[in-house]
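Reader: I have just opened this model and would love a guided close look at one part of it. Could you walk me through it in some detail?

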Amino acid sequence: MTDSEILTLLIKVLKEYAEREHCYDRKGDDYNPNSYTHCDDAFDDGSEFGEILFARTLLEQMGVKFENPVMKKND
């Protein structure tokens, strides 16, 4: 793969993650990880949140546009 192809693939994968909804997108300020009865569920939410936030941050730093699910709801 060329550098250009790698960059294109990387941006595509980052956009896929960045355009997903995480726990705070779905529940807003009402989200409470302590409401889970099993700690694995809270861990999974935190892991998902981190992946999505990281992808959004990288795309924003590169100046790449993506569809933020929160912005879609507010339109």
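Which residues of helix 3 are buried? I would also like to hear what helix 3 connects to.

Author: Happy to. Please keep in mind that this is a predicted model. The protein averages a pLDDT of 88, and 93% of the residues score at least 70. Confidence is highest in helix 1, at a mean of 96, and lowest in helix 4 (residues 69-74), at 66. Where pLDDT is low, the predicted coordinates should not be read in detail.

Now to your question. The buried residues of helix 3 are Asp45, Ile52, Ala55, Arg56 and Leu59. The helix that carries them runs over residues 39-62. Helix 3 has 24 residues, and from first C-alpha to last it reaches 35 Å, close to the 34 Å expected at 1.5 Å a residue. Right after helix 3 comes Gly63, with a positive phi near 75 degrees.

Arg56 is a good place to start. Its relative accessible area is 7%, which is why Arg56 counts as buried. The side chain of Arg56 meets that of Asp25 in a salt bridge, at 2.8 Å from N to O. Asp25 lies in helix 2 and Arg56 in helix 3, so this pair ties together parts that are 31 residues apart in sequence. Asp25 is buried as well, at 11% relative accessibility. Arg56 also has a neighbour from another part of the chain: its C-alpha is separated by 8.1 Å from that of Glu19, although the two are 37 residues apart along the chain. Glu19 is found in the loop between helix 1 and helix 2, and with a relative accessible area of 32% Glu19 is partly exposed.

A second link joins helix 3 to helix 2. The side chains of Arg26 and Glu48 meet in a salt bridge, at 3.2 Å from N to O. Arg26 lies in helix 2 and Glu48 in helix 3, so the pair ties together parts that are 22 residues apart in sequence. Here both partners are partly exposed: Arg26 has 40% relative accessibility, and Glu48 has 26%.

The whole structure holds three salt bridges, and the remaining one belongs to helix 1. There the side chains of Lys12 and Glu16 meet at 3.8 Å, N to O. Lys12 and Glu16 are four residues apart in helix 1, so about one helical turn separates them. Lys12 is partly exposed at 49%, as is Glu16 at 41%.

Helix 3 also has a nonpolar side to show you. Leu7, Leu10, Phe54, Leu58 and Met62 make a nonpolar surface patch of about 450 Å². Helix 1 and helix 3 each supply at least two residues of this patch, and helix 3 gives the most, with three. One residue of the patch, Met62, lies in helix 3 and is partly exposed at 40% relative accessibility.

Finally, look at Cys39, where helix 3 (39-62) begins. Cys39 is exposed, with a relative accessible area of 60%. The closest cysteine sulfur to that of Cys39 belongs to Cys23 and is 16 Å away, too far for a bond. Cys23 is buried, at 3% relative accessibility. A disulfide needs the two sulfur atoms within 2.5 Å, and the count comes to zero disulfides.

Terms used:
Residues are numbered from 1 along each chain as its sequence is written. This is a predicted model: local features need pLDDT of at least 70, side-chain atom pairs count only at pLDDT 80 or more; totals for chains, interfaces and linings use all residues. Side-chain values use heavy atoms; hydrogens and water are left out. Buried means under 20% relative accessible area, exposed over 50%, partly exposed in between (1.4 Å probe, protein chains only). Patches are made of residues with over 30% relative accessible area and no salt bridge: like charges are joined within 9 Å, nonpolar side chains (Val, Leu, Ile, Met, Phe, Trp, Tyr) within 5 Å. Accessible areas come from the Shrake-Rupley method with a 1.4 Å probe; for residues, only the protein chains shown count as cover. A salt bridge is a side-chain nitrogen of Lys or Arg within 4 Å of a carboxyl oxygen of Asp or Glu. pLDDT is the predictor's confidence in each residue, from 0 to 100. The expected span of a helix is 1.5 Å times one less than its number of residues.
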